[in-house]
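Biologist: I would like a close look at a single helix in this model. Could you take me through its residues and its surroundings in one connected account?

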Amino acid sequence: MGPELFFPPQPDRVAIVTGGTDGIGYSTARQLARLGMHVIVAGNNDGKAQEVVRKIKEETLNDKVEFLYCDLASMKSIRQFVQKFRMKKIPLHVLVNNAGVMMVPQRKTRDGFEEHFGLNYLGHFLLTNLLLDTLKESGCPGRSARVVTVSSATHYVGELNMDDLQGSHFYSPHGAYAQSKLALVLFSYHLQWLLVAEGSHVTANVVDPGVVNTDLYRHVFWGTRLFKKLLGWLFFKTPDEGAWTSIYAAVTPELEGIGGRYLYNEKETKSLKLTYDQKLQRQLWTKSCQMTGILDVTHGPVSG
Ligand SMILES: NC(=O)c1ccc[n+]([C@@H]2O[C@H](COP(=O)([O-])OP(=O)(O)OC[C@H]3O[C@@H](n4cnc5c(N)ncnc54)[C@H](O)[C@@H]3O)[C@@H](O)[C@H]2O)c1
């Protein structure tokens, strides 16, 4: 069953999906294309890109699908991506912050940040902020632009160590992943707060896709091929099922003008209590502005 059975066509809308070459992101990009959207697959997987675009176009008969290189582990690459996107002079109605890595060995992004925090969280923080003006220009009353951020149930066991966000003193791959996913929830809630304060026609929601059979688990110690295959087959969602909540958040009329939600299986769910702490949200936002070198939007415009 395709999304066109559940959601209205979206032929005049433009979406960016990060990590759209694989797993949940690929399914998200494909299904948004099925709804007629102009879909920009943002990824660092140059090798796969053309094949992915060709496959999506072929299956959806939608020609408005393209790949734009964006390495979320590099702020320079994110800025170049935004520049290239702006040069297209097209609107942006949906941004799906989907890309991510999980439980990778301790390593750093090009800018020297711990990879989970730097790529999963800070990369999307910067990308969203740089695209915010375009999103605001593209949303209108009754047809808001939407930021959909993919977090995880792992955020429930996450801790935010404000004094050591990079895990310099203590690093665990699981803790670092959980922290990045927790940071994304705090980010999405604060973003929504800012958008409402400004009276803009943009909403921000955060989703949990569930446990999905993708390559994300490649670094997990029990992720031997056979065991993962068996687990995946028995218990995990398929990537199409995993993408469903992202697609719902991106297009459902039920969420028109509604943000600040944590969605699981298309339903509003409570996130970790800590994520509702507005002081913490604000603290993380300010620190993230400093780390990414952008001006704090609450005090002034975001630099391009
Ligand atoms: N699979 C699950 O069970 C599960 C559960 C909860 C949350 N999630 C979240 O869903 C999202 C998608 O994960 P998935 O399961 O499809 O995994 P996946 O490994 O199949 O896809 C991850 C995507 O991120 C991209 N990516 C990785 N590094 C990047 C970089 N430096 N720059 C740009 N893109 C980069 C990859 O190329 C890939 O397209 C992730 O944010 C993940 O944390 C997944």
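Modeller: What follows is a description of one helix, H2, and then of the parts around it. The model is predicted, and the account should be read with that in mind. Helix H2 runs over residues 46-60, and at 1.5 Å a residue its 15 residues should span 21 Å, which agrees with the 21 Å that separates its end C-alpha atoms. The buried residues of H2 are Val52, Ile56 and Thr60, and because they cover an arc of only 35 degrees around the axis, they lie on the same side of H2. In general, an α-helix has 3.6 residues a turn, so residues three or four places apart point the same way. On the other side of H2 are the exposed residues Gly47, Gln50, Glu51, Arg54 and Glu58. Just after the helix, Leu61 takes a positive phi of about 60 degrees.

As for the surroundings, the buried residues of H2 pack against H1, strand E2 (38-43) and strand E3 (65-69). Of these partners, helix H1 (residues 23-34) also gives the most to the shell around the ligand, with three residues. That shell has 28 residues, the closest to the ligand being Gly19, Gly23, Gly100, Thr214 and Leu216. The largest nonpolar core has 84 residues, and among those that touch the most other members are Val17, Leu32, Val39 and Val41. Leaving aside its neighbours within four places in sequence, Val17 is in contact with residues including Gly25, Thr28, Ala29, Leu32, Val39, Val41 and Ala42.

Technical notes. Residues numbered from 1 in each chain as written. Predicted model: local features only at pLDDT ≥ 70, side-chain atom pairs only at ≥ 80, totals over all residues. Near = placed C-beta within 6 Å. Helix = DSSP H or I, 4+ residues; strand = E, 2+ residues; numbered from the N terminus. Expected span 1.5 Å × (residues − 1). Buried ≥ 20, exposed ≤ 12 C-beta atoms within 10 Å, placed from the backbone. Arc of directions from axis to C-beta. Contact = placed C-beta atoms within 7 Å. Core = buried A, V, L, I, M, F, W, Y, C linked by C-beta atoms within 7 Å.
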